[in-house]
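The following exercises concern the fold of one protein chain. Each consists of a task and a solution that proceeds step by step.

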Amino acid sequence: MRVTRLDVPQLLAVVDELADLLTDAVDDGASIGFLAPLGRTAAVAWWRERADGVAAGQLAVWAALSGDRVVGTVGLAFPDKPNSRHRAELVKLMVHREARGAGLGRRLLTTAEGAAVAVGITLLHLDTETDSPAEHLYRSADWTRAGVIPDYAASPAGVLRPTTLYYKRVGEGMGAALRDR
């Protein structure tokens with residue numbers, strides 16, 4: 001299993017597999033911004049739209065590959081405002097149902113955290129559905145619970161659910177984060 005950061009051509013080359021991963025996560029009930037059923041065309045289009053953010057340096061995407069198959073992904077979204085270049089949002093951490101239980105979610109999380117530190121990020125944040133399996137991962141990785149927002153997002157089934165906000169301080173200093181990425 002290898003985890004690699006995707007540039008635009010690489011992302012577009014695996015867009016179908018990323019779409020399969022996204023639909024698998026939604027089908028399994030992950031509250032990651034989509035309602036079920038998520039059609040393949042919509043999933044492919046969503047991933048294709050991410051290419052602009054990758055090209056602009058506003059989004060970094062990693063894929064976990066088992067052979068040539070994408071079985072996991074994670075992203076970092078970088079704010080574009082000068083006063084927030086020290087932070088990033090952890091987005092779309094997904095592991096295919098068939099690849100769960102082997103530590104891949106932790107590996108993807110650690111990869112994103114390390115990459116954030118490497119570019120001078122000192123604060124990461126995320127939101128996740130309250131009481132979801134993902135909460136255990138974040139708590140066990142020393143993320144701090146900041147609070148809960150009731151009825152924040154609809155689950156894939158369309159039921160309003162609370163969301164828990166987390167943050168984690170990483171790295172030291174802010175020098176590199178305040179420079180252009």
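The model is predicted.

**Exercise 1. Determine how strand 6 and strand 7 are paired, and describe the hairpin that they form.**

Step 1. Strand 6 comprises residues 144-154, and its pairing with strand 7 is antiparallel, with 7 bridges.

Step 2. A specific pair fixes the register: Val148 has Thr164 of strand 7 as its bridge partner.

Step 3. The hairpin has 5 residues between the two strands, and in this hairpin Gly158 adopts a positive phi near 95°.

Step 4. Strand 7 (residues 160-169) is also joined to strand 5 (residues 123-129), again by 7 bridges in an antiparallel arrangement. Here the bridge partner of Asp127 is Leu165 of strand 7.

**Exercise 2. Establish the order of the strands in the sheet and identify which strands stand at its edges.**

Step 1. The sheet is open and consists of 7 strands in the order 1-2-3-4-5-7-6, with mixed pairing.

Step 2. Strand 1 (2-6) and strand 6 each have a single partner strand; they therefore stand at the edges, and one side of each has no neighbour in the sheet.

Step 3. On average, neighbouring strands of this sheet are turned by 25° against each other, direction being ignored.

Step 4. The pairings can now be examined individually. Strand 1 runs antiparallel to strand 2 (residues 59-66), with 5 bridges between them, and Arg2 has Leu65 of strand 2 as its bridge partner. Strand 3 and strand 4 are likewise antiparallel and joined by 5 bridges; Leu76 stands opposite Leu90 in strand 4.

Step 5. The pairing of strand 4 with strand 5, in contrast, is parallel and comprises 3 bridges. Ala88 is bridged to Leu124 in strand 5.

**Exercise 3. Check the length of helix 4 and state which of its residues are buried.**

Step 1. Helix 4 has 15 residues; at 1.5 Å a residue the expected span is 21 Å, and the end C-alpha atoms are 21 Å apart, so the two values agree.

Step 2. Burial is assigned under 20% relative accessible area. The residues of helix 4 in this class are Leu104, Gly105, Leu108, Leu109, Ala112, Glu113 and Ala116.

Step 3. The spacing of such positions may be read against helix geometry. An α-helix has 3.6 residues a turn, so residues three or four places apart point the same way.

Step 4. Beyond the helix comes Gly120, with a positive phi near 90°.

**Exercise 4. Characterise the crossing of helix 4 and helix 5, and name the residues that make the contact.**

Step 1. The axes of helix 4 and helix 5 (residues 133-140) come within 11 Å and cross at roughly 50°.

Step 2. This angle is neither under 35 degrees, nor over 145, nor from 65 to 115. The two helices are therefore oblique to each other.

Step 3. The crossing of helix 4 and helix 5 is right-handed. Helix 4 contributes Gly105, Arg106 and Leu109 to the contact, and helix 5 contributes Leu137, Tyr138 and Ser140.

**Exercise 5. Describe the length, burial and surroundings of helix 2.**

Step 1. For the 13 residues of helix 2, 1.5 Å a residue gives an expected span of 18 Å; the end C-alpha atoms are 18 Å apart, which agrees.

Step 2. The buried residues of helix 2 are Val15, Leu18, Ala19, Leu21, Leu22, Thr23, Asp24, Ala25 and Val26. The elements against which these buried residues pack are strand 1, helix 1 (8-13), helix 3, strand 3 and strand 4.

Step 3. Gly29, which follows helix 2, has a positive phi near 100°. In the loop between helix 2 (15-27) and helix 3 lies Pro37, and the peptide bond from Ala36 to Pro37 is cis, with omega near -5°.

**Exercise 6. Classify Lys92 and Asp142 as buried, partly exposed or exposed, and locate each.**

Step 1. Lys92 lies in strand 4 and has a positive phi near 50°, although it is not a glycine.

Step 2. The relative accessible area of Lys92 is 25%, so this residue is partly exposed.

Step 3. Asp142 is located in the loop between helix 5 and strand 6. Its phi is also positive, near 70°, in a residue other than glycine.

Step 4. Exposed means over 50% relative accessible area. With 60% relative accessibility, Asp142 is therefore exposed.

Technical notes: Residues are numbered from 1 along each chain as its sequence is written. This is a predicted model: local features need pLDDT of at least 70, side-chain atom pairs count only at pLDDT 80 or more; totals for chains, interfaces and linings use all residues. Side-chain values use heavy atoms; hydrogens and water are left out. Two strands pair if DSSP finds at least two bridges between them. Helices (H or I, at least four residues) and strands (E, at least two) are DSSP runs, numbered from the N terminus. Axes are lines fitted to C-alpha atoms, for helices over the stretch in contact, and angles run from 0 to 180 degrees between N-to-C directions. The expected span of a helix is 1.5 Å times one less than its number of residues. Buried means under 20% relative accessible area, exposed over 50%, partly exposed in between (1.4 Å probe, protein chains only). A crossing is left-handed if the near helix is turned anticlockwise from the far one by less than a right angle, and right-handed if clockwise. Contact means heavy atoms within 4.5 Å.
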